[in-house]
Amino acid sequence: MADRPLTLMAVHAHPDDEASGTGGVLARYAAEGIRTVLVTCTDGRCGDGPGGVKPGEDGHDPAAVAVMRRKELEASCEVLEVGHLELLEYADSGMMGWESNDAPGSFWNTPVADGAARLAELMRHYQPDVVVTYDENGFYGHPDHIQAHRITVAALELVDLSPKVYWTTVPHSAVRRFGEVMRESGSDGEQTEPVEPVEAAELPEIGLPDEEISTWVDTTAFGGRKFDALAAHASQGDNIFFLRMGKERFTELMGVETFVRVRDTTGAALPENDLFAGLR
Ligand SMILES: [Zn+2]
């Protein structure tokens with residue numbers, strides 16, 4: 001452990017997931033001198049094209065979208081001071097049920113063992129002390145996120161390493177707060193009627209009850225970085241909502257990143273406020 005820097009490896013599905021999901025921890029740990037490695041599994045070809053053209057619409061050129069998103073990813077990594085960017089370059093599979101799920105070279109269509117073997121190579125090379133990816137539902141059910149989870153779990157079986165392992169998550173309290181902000185801002189233009197409390201209670205389908213979250217990392221000081229990293233991916237419609245908030249509001253809402261610890265060899269007490277608790 002002494003002959004190399006402490007290392008964080010984040011395994012993500014698409015260009016922009018690194019910013020929205022783990023931008024805070026990537027920036028914070030880089031600033032603390034920890035080596036950060038981002039593995040991005042797909043090329044993001046099923047994302048929005050220039051001018052907001054959606055996949056399947058006229059003028060959506062998946063190859064050109066992949067090129068654009070690669071540049072955006074590199075810009076985001078610069079903002080977050082990611083030490084090493086590794087691209088697996090599988091084709092983005094699109095949302096569950098899309099034809100692109102079964103396209104040749106799509107990540108979803110790739111045997112888990114293939115992706116796992118490549119990721120295991122990277123793990124052997126970097127020897128991460130902490131590995132972060134999604135839970136078995138890919139946080140929200142996107143096939144590439146699910147596949148990123150699966151290859152990570154399989155790769156960990158292949159290597160002789162015992163990193164702390166985490167799934168990204170959000171606390172239900174934050175999902176609720178977020179829903180309130182969305183309604184306040186009337187992002188849909190039409191949603192101006194007050195929302196019944198029942199509806200608010202039904203909102204959290206993603207994330208976990210607060211008490212099930214093991215790890216709360218304060219990244220408030222890096223909220224601006226996270227915002228700028230997301231701004232590097234402004235071609236993607238999903239990110240625009242966040243960018244409209246402005247830096248301050250965004251940091252207020254997104255200033256703590258949360259995780260579930262699923263593997264540990266340090267015995268660090270829970271809840272913890274540091275992915276590297278017990279390692280330094
Ligand atoms: Zn994604």
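Me: What follows helix α9, and what is the sign of its phi?

Reply: In this predicted model, α9 is followed by G246, which has a positive phi near 85°.

Me: How should a positive phi be read in residues other than glycine, and where is Q127 found?

Reply: Most residues other than glycine have a negative phi. Q127 departs from this pattern, for its phi is positive, about 45°, although it is not a glycine. Q127 lies in the loop between α3 (112–126) and β4 (130–133). With a relative accessible area of 31%, Q127 is partly exposed. F139 is another residue other than glycine with a positive phi, near 70°. F139 belongs to helix α4 (residues 138–141), and its relative accessible area of 22% makes it partly exposed.

Me: Which peptide bond is cis?

Reply: Most peptide bonds are trans. The bond from L270 to P271, however, is cis, with omega near -5°. P271 is placed in the segment after β7 (256–263).

Me: How is the packing of two helices described, and at what angle do the axes of α8 and α9 cross?

Reply: Two packed helices are described by the angle between their axes and the distance between the axes. Here the axes of α8 (residues 223–231) and α9 (residues 237–245) come within 9 Å and cross at roughly 140°. The crossing of α8 past α9 is left-handed. On the α8 side the contact is made by F227, L230 and A231, and on the α9 side by N239, F242 and L243. Five of these contact residues are nonpolar, one is polar and none is charged.

Me: Which residues of α9 are buried, and against which helices do they pack?

Reply: An α-helix has 3.6 residues a turn, so residues three or four places apart point the same way. In α9 the buried residues are N239, F241, F242, L243 and M245. They pack against α6 (172–185), α8 and α10 (247–254).

Me: Which residues coordinate the zinc ion, and how are its donors spaced along the chain?

Reply: The zinc ion is coordinated by ND1 of H14, by D17 through OD, listed twice, and by NE2 of H145, at 2.1 to 2.5 Å. Along the chain, the donors follow the spacing H-x2-D-x127-H.

Me: What is the geometry of the zinc site?

Reply: The site is irregular, with angles of 55 to 140° among the four donor atoms. Four donors count as tetrahedral only if all angles lie between 85 and 135 degrees.

Me: Are H14 and D17 buried or exposed?

Reply: Buried means under 20% relative accessible area. H14 counts as buried because its relative accessibility is 5%. D17 is likewise buried, with a relative accessible area of 9%.

Technical notes: Residues are numbered from 1 along each chain as its sequence is written. This is a predicted model: local features need pLDDT of at least 70, side-chain atom pairs count only at pLDDT 80 or more; totals for chains, interfaces and linings use all residues. Side-chain values use heavy atoms; hydrogens and water are left out. Donors are N, O and S atoms within 2.8 Å of the metal (3.2 Å for Na, K and Ca); water is not among the atoms, so sites may look incomplete. Four donors count as tetrahedral if all angles lie between 85 and 135 degrees; four count as square planar and six as octahedral if opposite donors are over 155 degrees apart and all others between 65 and 115; anything else is irregular. Buried means under 20% relative accessible area, exposed over 50%, partly exposed in between (1.4 Å probe, protein chains only). Axes are lines fitted to C-alpha atoms, for helices over the stretch in contact, and angles run from 0 to 180 degrees between N-to-C directions. Helices (H or I, at least four residues) and strands (E, at least two) are DSSP runs, numbered from the N terminus. A crossing is left-handed if the near helix is turned anticlockwise from the far one by less than a right angle, and right-handed if clockwise. Contact means heavy atoms within 4.5 Å. Ala, Val, Leu, Ile, Met, Phe, Trp, Tyr, Cys and Pro count as nonpolar, Asp, Glu, Lys and Arg as charged, and the others, Gly among them, as polar.
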